[in-house]
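Here is a walk through one protein model, written for someone who would rather look at the fold than at a table. Keep the viewer open while you read.

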Amino acid sequence: MASKSPTMFCGTCSRRNRSNEAVKYCSDCEDGLCSECFDFHGSIKTFDTHHVIDINVIEGKPLVVNKSCKVHPDMVLEYFCSDHDTMCCRSCMASDHRSCEKLMPIEVFAKGVKDSAMFEEMAKDITTLNSAVKELEDKKKKSIVSLKDNKLTVKQDVKNFKARLLKRIEVIEAALMSEIDQVHTDLSNRSKRQPGKDM
């Protein structure tokens with residue numbers, strides 16, 4: 001069974017010295033949200049374009065979305081160019097996308113994306129991948145347990161083989177000692193019957 005992710009607490013509540021477990025995660029705020037703060041977050045127009053996901057999707061690791069432009073690190077990614085299928089900042093827009101026809105703010109481009117068939121398909125794919133990863137983790141853990149069990153079995157087999165070997169050696173030793181005693185007795189008796197003869 002896959003291990004449970006560590007609990008993430010609501011960032012807003014934590015800043016108010018409260019400890020409420022997060023049920024959602026906002027990648028724009030980079031904060032966990034309890035159910036109460038999630039409702040509040042969704043009611044503010046400024047946060048309307050923020051990307052909020054269920055907390056169990058992130059598996060204990062906060063989802064950090066890089067909002068800085070790779071070409072201009074001091075600039076924020078604000079636009080999406082459909083012609084080049086890429087996000088860009090204002091500087092990129094002015095230099096590389098001036099002639100692009102399908103250039104629009106990210107929040108405009110992303111509107112309704114959560115209701116699209118593609119989004120639903122991706123969500124299903126992610127769920128399937130998560131299940132596959134958990135299944136692999138379970139198999140890995142079972143393999144480790146099985147490996148430990150096999151190690152103990154092999155060690156016990158070696159001990160049993162050693163015990164059988166020692167017992168067989170003891171039986172052979174006893175037979176040899178008995179034979180030596182018998183040979184000694186026979187030679188002694190022969191020697192007594194034939195005095196004066198060298199052995």
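What follows goes from the overall layout to the two sheets, then to the cysteines and a few single residues.

## The overall layout

First things first: this is a predicted model. The protein has five helices and six strands. Going from the N terminus, the elements come in the order α-β-β-α-β-β-β-α-β-α-α.

How much of the protein is buried? Buried residues account for 15% of the 199 residues. As for contacts between residues at least 6 apart in sequence, 37% of them link residues at least 24 apart.

## The first sheet

Start with the open sheet of three strands, ordered S2-S1-S3 and paired antiparallel. Strand S2 (31-33) and strand S3 (52-54) are the edge strands, each with a single partner, so each has one side without a neighbour in the sheet. On average, neighbouring strands here are turned by 30° against each other, direction ignored.

Strand S1 covers residues 24-26 and pairs with S2 in the antiparallel sense, over three bridges. If you want one bridge to click on, cysteine 26 has aspartate 31 of S2 as its partner. Now bring in helix H2 (residues 35-43), which lies across S1, S2 and S3 and runs at about 105° to S2.

## Around the first sheet

What lies over the face of phenylalanine 38? That would be lysine 24, at 5.3 Å from the ring centre. If you're hunting for aromatic pairs, though, the count is zero.

Phenylalanine 47 is worth a look too. This residue sits in the loop between H2 and S3, and phenylalanine 47 counts as partly exposed, with 25% relative accessibility. Phenylalanine 47 and cysteine 26 are 21 residues apart along the chain, and their C-alpha atoms are separated by 9.6 Å.

## The second sheet

Move along the chain and there is an open sheet of three strands in the order S5-S4-S6, with antiparallel pairing. S5 and S6 take the edges, and each has a single partner strand, so one side of each goes without a neighbour in the sheet. The twist from one strand to the next averages 30°.

S4 and S5 run antiparallel and are joined by three bridges. For a landmark, find tyrosine 79, which stands opposite cysteine 88 in S5.

## Cysteines without disulfides

How many disulfides are there? The count is zero. Cysteine 29, for one, is in no disulfide: its nearest cysteine sulfur belongs to cysteine 26 and is 3.6 Å away. The cut-off for a disulfide is sulfur atoms within 2.5 Å, so a distance of 3.6 Å doesn't qualify. Cysteine 29 is partly exposed, at 31% relative accessible area.

Cysteine 92 is in no disulfide either, with the sulfur of cysteine 69 as the nearest cysteine sulfur, 3.6 Å away. Is cysteine 92 buried or exposed? Cysteine 92 is buried, with a relative accessible area of 6%.

## Two residues with positive phi

A bit of background before the backbone oddities. Most residues other than glycine have a negative phi. Glutamate 30 is not a glycine, yet has a positive phi of about 55°. Where is glutamate 30? Look in the loop between S1 and S2. Glutamate 30 is partly exposed, with a relative accessible area of 40%.

Aspartate 85 also isn't a glycine and has a positive phi of about 55°. You'll find aspartate 85 in the loop between strand S4 (79-81) and strand S5 (86-88). Aspartate 85 is exposed, at 61% relative accessible area.

## A buried histidine

Last stop: histidine 97, placed in the loop between helix H3 (90-96) and strand S6 (103-105). Histidine 97 counts as buried, at 7% relative accessibility.

Which residues does histidine 97 contact, leaving aside neighbours within four places in sequence? They are Cys81, His84, Thr86, Cys88, Cys92 and Leu103. Two of those names should ring a bell: Cys88 stands opposite tyrosine 79, and Cys92 is the buried cysteine with a relative accessible area of 6%.

Definitions and conventions:
Residues are numbered from 1 along each chain as its sequence is written. This is a predicted model: local features need pLDDT of at least 70, side-chain atom pairs count only at pLDDT 80 or more; totals for chains, interfaces and linings use all residues. Side-chain values use heavy atoms; hydrogens and water are left out. Rings of Phe, Tyr and Trp (its six-membered ring) pair if their centres lie within 6.5 Å; planes under 30 degrees apart count as stacked, over 60 as edge-to-face and the rest as tilted. A charge sits over a ring if NZ of Lys or CZ of Arg is within 6 Å of the ring centre and within 35 degrees of the ring normal. Buried means under 20% relative accessible area, exposed over 50%, partly exposed in between (1.4 Å probe, protein chains only). Two strands pair if DSSP finds at least two bridges between them. Helices (H or I, at least four residues) and strands (E, at least two) are DSSP runs, numbered from the N terminus. Axes are lines fitted to C-alpha atoms, for helices over the stretch in contact, and angles run from 0 to 180 degrees between N-to-C directions. Contact means heavy atoms within 4.5 Å.
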